[in-house]
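Trainee: Could you take me through one part of this structure up close? I'd like to look at the pocket and what surrounds it.

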Amino acid sequence: NGSTVSKVTINGKEVAVSANNRYTLTAEETNSVVVETIGGYRVTFNVANAILVDGGAITNGMVRAVASGGSLTFSVEAVEGHRVGQVIGATDNGDGTYTVSNVTANKTITITSVKQYKVTYVGANTSVYSPVFGTAYDNFEVWVDNNATVNFTVNADNGYTLLSVNG
């Protein structure tokens, strides 16, 4: 167990901790580089496009330092049109957050995304059932995974006749 970089400040501005420890300084009149370290390990993030980790504060390739035996909790969400696929290397807390516990070595967290498309149903006096979204009535929207096959059944309400289904 050695030290790991926990924070880098260049000319008064905190920069993301780099996985390869390489940084760029643009020379100004007065220059400063401040590097803080902790005894611990690096947690490196491999983050797919369309995924926000800690609201976008952690991006692909970024590193967080964790003290030996410590833990790191972070939130994961997808932007519209995507959903979180897998979070590999951390435990799902069931509330949109994940935790890496008892860190005793450098770790990598990989987060994938799945492209989704919005399906809009416009109808009146009908019900629709699908194993994907359950039963819905009249107008609704649902997101489905790219290339997913969505089987559904449309039923007209009592006293009405189904004329057509378009898509």
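Mentor: Sure! First, a bit of vocabulary: a strand, written β plus a number, is a DSSP run of E with at least two residues, and the numbering starts from the N terminus. Keep in mind that this is a predicted model.

Now to the largest pocket, which holds about 410 Å³ of space. Its lining is made up of 20 residues. If you want to find the centre of this pocket, look for Thr-120, Tyr-121, Phe-152, Val-165 and Asn-166, the lining residues that lie nearest to it. As for the chemistry, the lining has 14 nonpolar residues and six polar ones, with no charged residues. Three strands, β10 (107–121), β11 (126–130) and β13 (140–145), each give at least two residues to this lining.

Let's stay with β11 for a moment. Four of its five residues are buried, so β11 is largely enclosed by the rest of the structure. To call a residue buried, we ask for under 20% relative accessible area.

What does β11 pair with? One partner is β14 (residues 153–156), and the two run antiparallel with four bridges between them. Here you can spot Tyr-129 standing opposite Thr-153 of β14. Another partner is β12 (residues 134–137), again antiparallel and again over four bridges. In that pairing, Ser-127 stands opposite Tyr-137 of β12. You can also trace the chain from β11 to β12, since a hairpin of three residues joins them.

So β11 helps line the largest pocket, and it pairs with both β14 and β12.

How values were computed: Residues numbered from 1 in each chain as written. Predicted model: local features only at pLDDT ≥ 70, side-chain atom pairs only at ≥ 80, totals over all residues. Heavy atoms only, no water. 1 Å grid on protein atoms, 1.4 Å probe; cavity = no way out; pocket = protein on both sides within 12 Å on 5 of 7 lines; lining within 4 Å. Points joined across faces, edges and corners; volume = space filled by probe spheres on them. Nonpolar A, V, L, I, M, F, W, Y, C, P; charged D, E, K, R; others polar. Buried < 20%, exposed > 50% of the residue type's maximum accessible area, 1.4 Å probe, protein only. Pairing = 2+ DSSP bridges.
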